[in-house]
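Reader: I'm new to this structure and would like a close look at one part of it. Could you walk me through the aromatic rings and what sits around them?

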Amino acid sequence: MNADLSRRHPADREENSLPLPFAERELPAGRHQFHKERLMAQIHEDLRAADATASPVRGTRRGPFLNRAFLVPVAAFALAGALAAGFLTYVDRGAADGTGSTLATGPAMTTRIGAADDGKGTPQLLDRISLAAASVGGGSKVRADQFIYIGSKTANTYVKSSGTKNTLVSEELHMRHQWNSPDGRDGWLIEPGNTGPKGVTLAGKNEKGETPTPYLNAPSYDYLAGLPTDPDVLLKKIYEETRGMGHGPDQEAFTTIGDLLRSSYPPAELTVALYKAAAKIPGVVVVDDAVDAAGRHGLAVARLDEQSGQREEWIFDRQTLTYLGERTVQVRGEAGEGGLIKPGTVVFTTAVMTRTVVDRMKEIPASAG
């Protein structure tokens, strides 16, 4: 299954969930430690359903979306470049948590809040993006013995609570490598700070001893290949299957489409349909400037979550309209314990560096760097 577990609910972090090892630290305290991303995806859905009734100051989605602190050389260079370019700044730093800790110790990231239009030009832009996606193809002709590889840079900002003290901290920007078989039954994840150097398997059964069945929020490539490519039919399915989740049906539909665009490998026809479906969601706007985790500037298609005050932004290259990545920015009000997440805080950022098909699991394409 191809669930991206790298994104988080920054404002939902609790102190007693932080010290736990990979996987378990993303779940409510007391949950059994899971080393299977599929199982975490199911838990993530429970969190999303509960989040529908949460306080408006809580995060927009996933408890820290899921795997989401350790600096690797390439990520360090990218972050230094971002700071030099002037679009990310340090605002606070959490204390180190000890040798071998997987806790985030980096600074919170802030950014200029891009200006959003009135939404009238969004359908035209998404139509152009869909045409660009159709012209390059991709997301097709995957053999059963191959693997889908996604390499991305990512980081999150969240509130860390310790007794009566709350601190705004951020993960170090890091590289994430994920492989999935087309049927979703086999896979591997390597993510500094969340797995060991060799990574963890994504194969196997869940805690109930069942083989997980792919679904909309934890899809396999084969599952995606069977989705409708008529935008109206597709959007109806998305609304139906996410009913009661998140902060309202429109926001949840937008977030679900964003997840599929970022963390899966949809067939070309489905990619086009996803963009056309997104154009039909109320409240979707165009933002004049946004930057992904690799420091690449572009236009953004975005939607403001009215409850959290956070805006989810899908970022595209200005010239080619190629998908670059996604970020979530606090743009209205404050969030987190003590209101530490101020407007301009980047609570989640990612950049898709490589998305392709490889012949072997753990094979890292040369293009991944």
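Author: Sure, let's start with the ring pairs. Counting rings whose centres lie within 6.5 Å of each other, there are five aromatic pairs here. One of them joins Tyr-149 and Trp-179, with 5.4 Å from centre to centre and 50° between the planes, which makes the pair tilted. Tyr-149 belongs to strand E3 (residues 147-162) and Trp-179 to strand E5 (residues 174-180), and with 30 residues separating them, the pair links distant parts of the chain. Both Tyr-149 and Trp-179 are buried.

Another pair is made by Tyr-275 and Phe-316, and this one is edge-to-face: the centres are 5.7 Å apart and the planes meet at 65°. Tyr-275 comes from helix H7 (residues 268-278) and Phe-316 from strand E10 (residues 310-316), so this pair ties together parts that lie 41 residues apart in sequence. The cut-off for buried is under 20% relative accessible area. Tyr-275 has 4%, so it is buried, and Phe-316, at 1%, counts as buried too. There's a third ring to add: Tyr-323 joins Tyr-275 and Phe-316 in a cluster linked by ring pairs.

Before going further, a word on trust: this is a predicted model. The protein has an average pLDDT of 74, and 69% of its residues score at least 70. Strand E10, home of Phe-316, has the highest confidence, at 97, whereas strand E1 (residues 89-93) has the lowest, with a mean of 27. Go easy on residues 8-106, where the pLDDT is below 50; even so, this stretch has 286 contacts in the model beyond near neighbours in sequence.

Back to the rings and their company. Tyr-275 also turns up in the largest nonpolar core, which has 38 residues. Tyr-275 is among the members that touch the most others, along with Ile-129, Ile-257, Leu-274, Val-301 and Trp-314. Helix H7 supplies the largest share of this core, six residues. As a general point, nonpolar side chains tend to be buried together in soluble globular proteins.

Trp-314 is worth a stop of its own. Leaving out residues up to four places away in sequence, Trp-314 touches Phe-254, Ile-257, Gly-258, Leu-261, Ala-278, Leu-299, Ala-300, Val-301, Tyr-323, Gly-325 and Glu-326. Notice Tyr-323 in that list, the ring we just met in the cluster with Tyr-275 and Phe-316.

Staying with this part of the chain, look at Leu-321, in the loop between E10 and strand E11 (323-330). Leu-321 isn't a glycine, yet it has a positive phi of about 65°. With a relative accessible area of 9%, Leu-321 is buried.

One last ring has a charged partner. The charged end of Lys-362 sits over the ring of Trp-188, 3.9 Å from the ring's centre. You'll find Lys-362 in the segment after strand E12 (345-358). Lys-362 has a positive phi as well, about 75°, although it is not a glycine. Its relative accessibility is 45%, so Lys-362 counts as partly exposed.

Terms used:
Residues numbered from 1 in each chain as written. Predicted model: local features only at pLDDT ≥ 70, side-chain atom pairs only at ≥ 80, totals over all residues. Heavy atoms only, no water. Phe/Tyr/Trp six-rings, centres within 6.5 Å; stacked < 30°, edge-to-face > 60°. Helix = DSSP H or I, 4+ residues; strand = E, 2+ residues; numbered from the N terminus. Buried < 20%, exposed > 50% of the residue type's maximum accessible area, 1.4 Å probe, protein only. Lys NZ or Arg CZ within 6 Å of the ring centre and 35° of its normal. pLDDT = per-residue confidence, 0-100. Contact = heavy atoms within 4.5 Å. Core = buried A, V, L, I, M, F, W, Y, C linked by side-chain atoms within 4.5 Å.
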